[in-house]
Amino acid sequence: MRVDAELIDKILSLKRERNAVILAHNYQLGEIQDIADFVGDSLELSQDAARTEAEVIVFCGVLFMAETASILCPNKVVLLPDINAGCDMADMITAEGLRERKRELPGAAVVCYVNSPAEVKAESDVCCTSANAVKVVESLDADEILFVPDQYLGHYVSTKTSKKINLWPGFCPSHARIKPQDITELRQEYPQAKVVVHPECRPEVIALADEVLSTGGMCRYARRDDVTQVIVGTEIGIIHRLRKENPGKKFIPVSEQAICPTMKLITLESVLRSLREMTPEVKVPEDIRLRAKASVDRMLEIV
Ligand code: SF4
């Protein structure tokens, strides 16, 4: 405990010295969320990154999020405290694979979930997050969409629009581990509780939910006066924030198996090391950055 307090003091003083800001995703370890300047979902954090006046962004999340910060803030140093913090879903698509699929679907607009490599964003017409995917798809002139890389988010969007949605076979292994049975069992145990799930869950899980929300949406939902007990269907890191912000309310994780191992690679020690050594830095090459930025900017104009 004492060691952590010393570690935290060192991080915070080095952060001031470097004129850095610490951004943490809702799935980060509790101790990382607690030292962050901003905690949020990928949309909120990309907006925070775009707004900040700090010279250094310490991104406590995974690689595609740090890349998005680099895309939006080319003149800042973007640090990802552990360079192995990738995203299994983002690794399920490549720019070359997407180019091939685009040739097969020449009339389709490409909507790219931000959980994707920068090169894939560069090949897309517009990005989206789980918070705005339906709105982004609806805003496009095209009637046919190629939605990449998350087939489950894409499927969820297809239930909310009349447009033809072509899916890419990617998914999030952490959310795919959530089973319908997990929800039905917890509903019996907590009959008063509301069930909220993330749209990265399988369709059969989504079908059992009261609300389908991004992690930012879950945090806002939990603050409502009429919500006192929530069964939470997403990565379990968010439980820390929900409990911290809503003392007295009950939050039950749908599955203890819903853990993203790469999100948990970021530790207080790696944040300190990163600030000390100013590595590992994430920088998207300029030609890719400019094309990827066009897709991200289009999204930010829509939300
Ligand atoms: S929770 Fe899933 S989608 Fe999110 S970073 Fe981890 S693997 Fe990627």
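P149 is found in the loop between strand 7 (144-148) and helix 8 (151-158), and in this predicted model the peptide bond that leads from V148 to P149 is cis, with omega near -15 degrees. A cis peptide bond also joins T279 and P280, where omega is about -15 degrees; the place of P280 is in the loop between helix 14 and helix 15 (286-302). A backbone feature of another kind occurs at N19, which has a positive phi of about 55 degrees although this residue is not a glycine. N19 is found in the loop between helix 1 (2-18) and strand 1.

**The sheet of strands 1 to 4**

Strand 1, which comes after the loop of N19, belongs to an open sheet of four strands, arranged in the order 2-1-3-4 with parallel pairing. At the edges of this sheet are strand 2 (38-40) and strand 4 (77-79), each of which pairs on one side only, and from one strand to the next the twist averages 20 degrees. Strand 3 (residues 56-60) is joined to strand 4 by three bridges, and the two run parallel; in this pairing, I57 of the one strand has V78 in strand 4 as its bridge partner.

Helix 4 (residues 63-72) lies across strand 1 (20-25), strand 3 and strand 4, and runs at about 160 degrees to strand 3. Helix 14 (residues 268-277), which precedes the loop holding P280, likewise lies across strand 1, strand 3 and strand 4, again at about 160 degrees to strand 3.

**The sheet of strands 9 to 12**

Another open sheet of four strands has the order 10-9-11-12, and here too the pairing is parallel. Strand 10 (211-212) and strand 12 (250-253) stand at its edges with a single partner strand each, so one side of each is left without a neighbour in the sheet. Strand 11 (residues 229-233) and strand 12 run parallel and are joined by four bridges, and within this arrangement V232 stands opposite P253 in strand 12. Helix 13 (residues 238-245) lies across strand 11 and strand 12, running at about 175 degrees to strand 12.

The helices that lie across these sheets are set out below.

| Helix | Strands it lies across | Angle |
|---|---|---|
| Helix 4 (residues 63-72) | strand 1, strand 3, strand 4 | about 160 degrees to strand 3 |
| Helix 14 (residues 268-277) | strand 1, strand 3, strand 4 | about 160 degrees to strand 3 |
| Helix 13 (residues 238-245) | strand 11, strand 12 | about 175 degrees to strand 12 |

**The ligand and its surroundings**

The ligand sits in the largest cavity, where the residues surrounding the ligand are Y27, V62, C87, D88, N115, C172, E200, C260 and M263. Taken by character, the residues of this shell divide into six nonpolar, one polar and two charged.

How values were computed
Residues are numbered from 1 along each chain as its sequence is written. This is a predicted model: local features need pLDDT of at least 70, side-chain atom pairs count only at pLDDT 80 or more; totals for chains, interfaces and linings use all residues. Side-chain values use heavy atoms; hydrogens and water are left out. Two strands pair if DSSP finds at least two bridges between them. Axes are lines fitted to C-alpha atoms, for helices over the stretch in contact, and angles run from 0 to 180 degrees between N-to-C directions. Contact means heavy atoms within 4.5 Å. A residue is near a molecule or strand if one of its heavy atoms lies within 4 Å of it. On a 1 Å grid over the protein atoms alone, a cavity is a set of points where a 1.4 Å probe fits but cannot get out, and a pocket is an open set with protein on both sides within 12 Å along at least five of seven lines; lining residues have an atom within 4 Å of a point. A molecule sits in a cavity or pocket if more than half of its atoms lie within 2 Å of its grid points. Ala, Val, Leu, Ile, Met, Phe, Trp, Tyr, Cys and Pro count as nonpolar, Asp, Glu, Lys and Arg as charged, and the others, Gly among them, as polar.
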